[in-house]
Amino acid sequence: MSTPILKVTDLKMHFPVKEGILLRASKYNRAVDGVSFEIQPGETLGLVGESGCGKSTLGRCIARLYKPTAGSIEFEGTEIANLRGKALLPFRQNIQMIFQDPMESLNSRHTVGDILEEPFIIHKIGDRAYRQKRVRELLDIVGLPARSVTRFSFEFSGGQRQRIGIARSIALNPRLIICDEPVSALDVSIQSQILNLLVDLQREFNLSYLFIAHDLAVVKHISDRIAIMYLGNIVEQAEGESMYHAPRHPYTQSLISAIPVPDPHRKVERHIIHGDVPSPINPPSGCRFHPRCPHVMDKCKVETPFLRPVGDHVVSCHLDMA
Ligand code: SF4
């Protein structure tokens with residue numbers, strides 16, 4: 001295996017919860033609480049979990065929109081978790097994000113031409129003629145007409161706006177793109193067009209993706225490997241097909257069994273879990289999944305399980321899976 005483009009080790013992002021008249025932080029929201037994984041060059045790692053599990057916070061830490069509380073983020077062998085200011089600029093060029101809601105991430109007072117030209121201006125790349133040529137190329141790459149440059153983002157459909165967001169994310173030839181729920185807000189028919197565009201771009205530009213979503217069916221379509229996140233931790237990692245057909249962790253089993261099957265004659269064993277995700281401010285002791293787990297044992301309430309190899313998966317669970 002080659003050197004990973006991204007290596008994340010024991011990453012934590014704890015947000016202070018300020019209370020009282022003096023707004024003192026007496027508690028912490030442990031949104032990301034000790035996450036480790038790697039992404040290889042040209043690979044897509046799907047990151048799946050329910051709302052509030054910390055997956056978007058994790059993505060923003062890696063893109064260095066947040067400074068993590070602790071842990072390591074190595075990008076192509078260089079530690080970036082503690083970099084600040086100008087030292088971060090080259091990495092901002094190489095690590096880009098695509099957001100869920102392109103309407104919120106695109107400035108509605110700027111034309112599409114201005115939006116796509118902005119990254120070149122920030123990074124002082126090329127003169128006006130070069131930048132305008134690149135803007136036309138980017139529009140062509142994502143399947144939008146050249147006349148889009150003079151229009152505003154609100155004049156486009158949701159799918160077209162996401163194409164603009166994707167064009168902006170690839171403008172500076174990044175190596176890694178964090179895709180944060182990029183198709184969740186789109187109609188199903190448009191979702192597949194955007195996913196296919198992302199796959200085409202990955203092939204053409206040898207991009208690596210961290211693809212964040214709550215929908216395992218969407219993630220399976222695009223991912224080489226999948227990581228399952230629950231309440232600030234990764235609980236299972238495996239290759240896409242293996243995760244889908246032979247999930248090991250009880251939480252993953254419940255997520256997989258909830259995916260609708262198009263064949264009405266095929267019987268699927270449902271693993272239903274009850275209750276909501278507990279608060280990351282006061283997570284359960286031991287295994288964080290224990291209040292909802294159908295296989296819970298006494299040990300699970302006091303001992304924290306850690307990721308260990310189980311066949312071709314890595315799983316954090318006390319169950320004997322040999
Ligand atoms: Fe369930 Fe225990 Fe495994 Fe946690 S460690 S997933 S509670 S069996």
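**Exercise 1. Pairing of strand E3**

Determine which residue of E9 stands opposite Val48 in this predicted model, and establish how E3 is paired and how far it is buried.

*Solution.*
Step 1. Val48 faces Ile228 in E9.
Step 2. The pairing of E3 with strand E9 (residues 225-230) is parallel and comprises 4 bridges.
Step 3. E3 also runs parallel to strand E8 (residues 208-213), to which 5 bridges join it. Within E8, Phe211 is the bridge partner of Gly46.
Step 4. The side chains are assigned to two directions: Thr44, Gly46 and Val48 point one way from E3, whereas Leu45 and Leu47 point the other way. All of these residues are buried.
Step 5. Because 5 of the 5 residues of strand E3 (residues 44-48) are buried, the strand is largely enclosed by the rest of the structure.

**Exercise 2. The open sheet**

State the order of the strands in the open sheet of 4 strands, and then identify its edge strands.

*Solution.*
Step 1. The order is E2-E1-E4-E5, and the pairing is antiparallel.
Step 2. The edges are formed by strand E2 (24-39) and E5, each of which pairs on one side only.
Step 3. Strand E1 (residues 6-19) and E4 run antiparallel and are joined by 5 bridges. Lys7 is placed opposite Glu74 in E4.
Step 4. E4 pairs with strand E5 (residues 78-79) over 2 bridges, also in the antiparallel sense. Here Glu74 stands opposite Glu79 in E5.
Step 5. The hairpin of E4 and E5 has 2 residues between the strands, and Glu76 in this hairpin adopts a positive phi near 45°.

**Exercise 3. Positive phi values outside the hairpin**

Locate Asp10, Glu181 and Arg64 in the secondary structure, and classify Asp10 and Glu181 as buried, partly exposed or exposed.

*Solution.*
Step 1. Asp10 lies in strand E1. Its phi is near 50°, a positive value in a residue other than glycine. Asp10 counts as partly exposed because its relative accessibility is 41%, between the limits of 20% and 50%.
Step 2. Glu181 belongs to the loop between strand E7 (176-180) and helix H7 (188-205). The phi of Glu181 is likewise positive, near 50°, in a residue other than glycine. With a relative accessibility of 7%, Glu181 counts as buried.
Step 3. Arg64 follows just after H1 and has a positive phi of about 60°.
Step 4. Helix H1 (residues 55-62) is itself mostly covered, with 6 of its 8 residues buried. These are Lys55, Thr57, Leu58, Gly59, Cys61 and Ile62.

**Exercise 4. The position of His110**

Find the element that holds His110, its exposure class, and its distance in space from Leu6.

*Solution.*
Step 1. His110 is in the loop between H3 and helix H4 (112-122).
Step 2. A relative accessibility of 31% is assigned to His110, so the residue counts as partly exposed.
Step 3. From C-alpha to C-alpha, His110 and Leu6 are 33 Å apart in space; in sequence they are 104 residues apart.

**Exercise 5. The ligand and its shell**

Identify the residues that surround the ligand, classify the shell by residue class, and describe the space that the ligand takes.

*Solution.*
Step 1. The surrounding residues are His249, Pro250, Cys287, Phe289, His290, Cys293, His295, Cys300, Cys317, His318 and Leu319.
Step 2. By class, 7 residues of this shell are nonpolar, 4 are polar and none is charged.
Step 3. The ligand occupies the largest cavity.

**Exercise 6. Confidence of the prediction**

Assess the confidence of the chain as a whole, and find the elements in which confidence is lowest and highest.

*Solution.*
Step 1. The chain has a mean pLDDT of 92, and 97% of its residues reach 70 or more.
Step 2. Confidence is lowest in helix H3 (residues 102-105), where the mean is 76.
Step 3. Confidence is highest in strand E4 (residues 70-75), at 98.
Step 4. As a rule of reading, predicted coordinates should not be interpreted in detail where pLDDT is low.

Methods: Residues numbered from 1 in each chain as written. Predicted model: local features only at pLDDT ≥ 70, side-chain atom pairs only at ≥ 80, totals over all residues. Heavy atoms only, no water. Near = heavy atom within 4 Å. 1 Å grid on protein atoms, 1.4 Å probe; cavity = no way out; pocket = protein on both sides within 12 Å on 5 of 7 lines; lining within 4 Å. Sits in = over half its atoms within 2 Å of the grid points. Nonpolar A, V, L, I, M, F, W, Y, C, P; charged D, E, K, R; others polar. pLDDT = per-residue confidence, 0-100. Pairing = 2+ DSSP bridges. Buried < 20%, exposed > 50% of the residue type's maximum accessible area, 1.4 Å probe, protein only.
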